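Reader: I'm new to this and keep tripping over the vocabulary. Could you go through the terms with me, using the structure below?

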Amino acid sequence: MLDLLQAVMDGVLFGATYALIGIGFTLVFGVMHKINMAYAAASIGGAYGGLLILKVMAAPAWVVFLCAFAAGGVLGYAVYVTCFHFIPLSSPLATLMSTVGMLLLIDEIIVHVTAGMPQNYPALFDDVMWRAGEFSLRGDLLLVFGVSVLCMIGLLALLYRTKLGLATRAVSQQAVAAQLCGIRVGRVNAMTFVIAGLLGGIAGALIGASVGMLSPLLTTPLTVKGLIVTVIGGLGSIPGAIIAGLLVGGFENVLQLYRGVAERDLYVMLLLFVFLVFRPGGLFTPRGARD
Amino acid sequence: MDFYFGLVQLVGVHTLLGLSAYIVLLTGQVTLAQAGFFAIGAYVAGMLTVLAGWHLVPALGVSALAGAITACAVGFPALRVKGLMLVIATLAFGEGVRLFFFNFDYQIAKGEIKLGPVGGEGFRQIRFFPENGWSTFEVMLFIWAFVVAIMALLWWFDRSRYGAVLRAVGEDEAAAQSVGINLTAVKVSAMTVGGAIAGIGGGLYAHYTTHIEHSSFNVLVATFAIAYPIVGGLSSVFGTLLAVVFVQALLVEGLRDLGDWRNLLFGALIVLAMNLRPRGFLDPQALGSLKRLFGGDRSA
C-alpha cells in the first residue's frame, strides 16, 4: 500500500513533464488543427541545445535549463518554417509527413553530433530527499513539478491576459474571422510554435535532469506518450493535457511497480485504447470543437 | 548480380508495405499501424514455417488473415474517432505490437537447437528459402509475383466502384455520407485490406531476411509505410512503387558514399519533397500529363 502511494506520488511529479509535452501538442493542434509530430524530438533537441552552453563555459544547472528553454523556442520556429509555412493548408498529409521528416532529421542530427552516446544532464536538488514517515519525496522531482507548474501558469497567463494570447485563441476558433479582424494569422501561428517550443525545451531539460542523462532514444517513447496524453486530455484542451499528463505519469509508475519496465508502456497504450473506446473526445472536449 | 536481386527483393517487400498504407490513405486516414500488421504477418508466417513445418504459401495466407483480423479489430474502435486521433491510436498500436514481440517467447526444441522467437533477441533461423534450395533469383520472382498481383488488385479497385467509394470518403466525408456511403464500413474495410497486404509483406520479409526482431518493426518502418504513398502521390498505385524505388535505390545505392549521413538525408528529403510537391510525385497534374503523353491526343 505504501509502495503504491509512493509510486503514485513519484509518477505524478514526473508526469508534469508529460503534461508539458502534451500541452505543446495540444496547443499546436488547437491553433492549426494539425499535429506536429516533431514536437517531442524538438523538445529533446532543445534539451541538448541547453548542453551546448556547457561546451563554452562551466555553467550551473539553471543556466543550462535556461538555454534549453531558448533552444526549444528556436527549434520550434525552425519546425514551423520548414513544415508549415510553405505548405498549403489544404494538404494535411503533406504537413504531417514533413513533420515526420523533421522528427527523423532532428533525431539523426542529435545522434550524429553526440556520436550516439548518452549525455549526462545536470540536475538540481538531486541530493535532497524529504522524508515523511515511510514516504520520501525526491527533491529533483519536486523541482520538476514546480517548474512545470510555473510554466503552465505562465502559459495560461499568456493565453488569457495578453493580446498575443487573445489573438491565438481567436485564430484557433475561427482563422478566417480572425484575419478579417486584422490579426496576422501567419505571425500567430509562428508564435504558437515558438511558445510550444519554449515549453518543450524546458520539458526536455526537466526530463534530462530527473533521469540523469539524455539520449536520442528518448524521442520515440516521448512522442508516443505525449500524443497519448494529448488524446486522453482532449485534442485542443490545455487543462485536459495537464490532468492527463499527471494521470499518465502516475499510472505508468504504478504499473512499473507491479509489472516491471518492459511491460509498462504496453499498459499505457491500453489506457489509450480504453479512452478511445469509452471517451473518444478525451477528458475535456474543448467547446466548439468541430469535425 | 545477387546483390541487385537482393535490392529488387527489398524494393518488392517495401512496395507491399507502402501499398498496405496506400489503400488506407485513399480513405483519408493516416495509419501508423502498418508496421504492426507487418510484424504480426512476419512472426506468424515465420512460426508456421519454422515451428509447424508448413509450406510458405499457406503460411502467407494465414499471415494475411492474421493481419486482416488484427486490422479489423484495431480499425473499429480507432475509426470511431476523428482522423487525427487515428494517427495517434495507430502509432500507439504499432509501438504496442513491437513491445509485445519484445516480451514474446515461444521456443520449441528441434533436434539440438531451440527454434522460435525469444523476446529481445528475436526470431532467428527462418530458413525456408535456403532449406528448400531457392536461389536469390527465384526468391525475387516469388516476392514480385505477390507485388504484381496486389498492385493489379489495387489498380482494379481504383477502376471499380469500390475505388470510387474509397476516394469519395477520402475527399469529403460529409458529401460521401450524404450519398449514402457507410463511412465506418468503408474505412474499416480499407484497414482490413491494408492489414492483409501488410501481413503478406511481413511474411515475405521474415523469410527473405531469415531473422526478425522487435526493433525491425519500429516507428521508422511505420513512417516508411506512409511515406511511400504520400511522397509517391495518392493518384495512382505506381506512385508508391516510384517512391519506393526512389527512396531505396537512392538511399541504398546512390548515397552509399555518404555512409552515416544517409539517414539524415532521408528526413531532409522528405521535408523537401513535401514542401516542393505537397501532393506527391505523381500528383493529379503529373498523372494527367503522363496520360496525355502516352495516351495520344485526348482532351484533358
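**What the words rest on**

Author: Sure! Of the 300 residues of chain B, 51% count as buried, where buried takes 20 or more other C-beta atoms within 10 Å of a residue's own, with C-beta atoms placed from the backbone. This is a predicted model, where local features need pLDDT of at least 70, side-chain atom pairs count only at pLDDT 80 or more, and totals for chains, interfaces and linings use all residues. Residues are numbered from 1 along each chain as its sequence is written, while chains are lettered from A and ligands numbered from 1 in the order in which they are written.

Reader: What makes chain B as compact as a globular protein of that length?

Author: Its radius of gyration is 19 Å, close to the 19 Å that the globule rule gives for 300 residues, so chain B earns that description. The radius is taken over C-alpha atoms, and the rule is 2.2 Å times the number of residues to the power 0.38.

Reader: Why do β2(A) and β3(A) count as paired strands?

Author: Pairing needs at least two bridges found by DSSP, and strand β2 (residues 129-132) and strand β3 (residues 135-138) of chain A have 4, in the antiparallel sense. Strands themselves are DSSP runs (E, at least two residues), numbered from the N terminus. A:Arg131 stands opposite A:Ser136 in β3(A).

Reader: What makes up the hairpin of β2(A) and β3(A)?

Author: The two strands with 2 residues between them; A:Gly133 in the turn has a positive phi of about 70°.

Terms used: A residue is buried if 20 or more other C-beta atoms lie within 10 Å of its own, exposed if 12 or fewer, and partly exposed in between; C-beta atoms are placed from the backbone.
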